Amino acid sequence: MKTLAILLLCSLAVICLTSGKNTGSQPAGDQPAQEGLFVEREHASTVVRQKRAAAELSLHQLESLREVCEANLACENMMDTDGIIAAYTAYYGPIPY
């Protein structure tokens with residue numbers, strides 16, 4: 001939720017900065033095309049995953065991941081060797097919080 005709020009504020013800041021009137025400092029042919037603020041899903045998900053990986057997970061969150069992973073024998077074995085976060089993301093995708 002915090003990530004969504006930060007992303008929204010950054011988007012609004014970019015819109016405010018780029019929507020100003022043209023001061024005429026650049027000729028019309030030299031201006032880059034405005035494609036919008038949207039990015040491809042694959043690129044956006046890697047940015048979000050990197051941000052999530054940087055955050056510290058609480059003991060409660062780790063225990064929740066462990067309980068989900070213990071239901072799958074292969075995930076549980078991987079959890080013992082590679083760690084809970086690597087096992088969870090390998091079998092269930094990005095961490096939901």
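Leaving aside its neighbours within four places in sequence, which residues is Ile84 in contact with? Select Ile84 in this predicted model and display what surrounds it: beyond those sequence neighbours, Ile84 is in contact with Leu62, Leu65, Arg66, Cys69 and Met79.

**The whole chain**

Before going further, zoom out and colour by secondary structure, where the protein shows five helices and zero strands, so that, read along the sequence, the pattern is α-α-α-α-α. Buried residues make up 9% of the 97 residues, and the accessible surface comes to about 8,100 Å², with 60% of that area belonging to carbon and sulfur atoms. Among contacts with a separation of 6 or more, 26% are accounted for by residues 24 or more positions apart.

**The core**

Next, select Leu57, Leu65, Cys69, Cys75, Met79, Ile84, Ala87, Tyr88 and Ile95, the nine residues that make up the largest nonpolar core. Helix 3, helix 4 (73–82) and helix 5 (84–92) each supply at least two of these residues, and helix 5 gives the largest share, with three. In soluble globular proteins, nonpolar side chains tend to be buried together.

**The annotated span**

Now select residues 61–93, which an unreviewed UniProt entry lists as "domain: Gla". In the model this span is 88% helix and 0% strand, and its end C-alpha atoms lie 15 Å apart.

**A charged pair on helix 3**

Staying with helix 3 (residues 59–70), show the side chains of Glu63 and Arg66, which lie three residues apart in that helix, about one turn. Side chains of opposite charge can pair when their charged atoms come close. Here Glu63 forms a salt bridge with Arg66, the closest N and O atoms being 3.8 Å apart, and the count of salt bridges in the model comes to one. Glu63 counts as partly exposed because its relative accessibility is 39%, and Arg66, at 31%, likewise counts as partly exposed. Arg66 is also one of the residues in contact with Ile84, where the tour began.

**A nonpolar patch on the surface**

Finally, turn to the surface representation and select Leu8, Leu9, Leu12, Val14, Ile15 and Leu37, which form a nonpolar patch with about 540 Å² of accessible area together. To look at one member of this patch, centre on Leu9, which is found in helix 1 (residues 2–18). Is Leu9 buried or exposed? Leu9 counts as exposed, because its relative accessibility is 58% and the cut-off for that class is over 50%.

Terms used:
Residues are numbered from 1 along each chain as its sequence is written. This is a predicted model: local features need pLDDT of at least 70, side-chain atom pairs count only at pLDDT 80 or more; totals for chains, interfaces and linings use all residues. Side-chain values use heavy atoms; hydrogens and water are left out. Patches are made of residues with over 30% relative accessible area and no salt bridge: like charges are joined within 9 Å, nonpolar side chains (Val, Leu, Ile, Met, Phe, Trp, Tyr) within 5 Å. Accessible areas come from the Shrake-Rupley method with a 1.4 Å probe; for residues, only the protein chains shown count as cover. A salt bridge is a side-chain nitrogen of Lys or Arg within 4 Å of a carboxyl oxygen of Asp or Glu. Helices (H or I, at least four residues) and strands (E, at least two) are DSSP runs, numbered from the N terminus. Buried means under 20% relative accessible area, exposed over 50%, partly exposed in between (1.4 Å probe, protein chains only). UniProt positions are given in the numbering used here, feature names are shortened, and annotations may be inferred rather than shown by experiment. A nonpolar core is a set of buried Ala, Val, Leu, Ile, Met, Phe, Trp, Tyr and Cys residues joined through side-chain atoms within 4.5 Å. Contact means heavy atoms within 4.5 Å.
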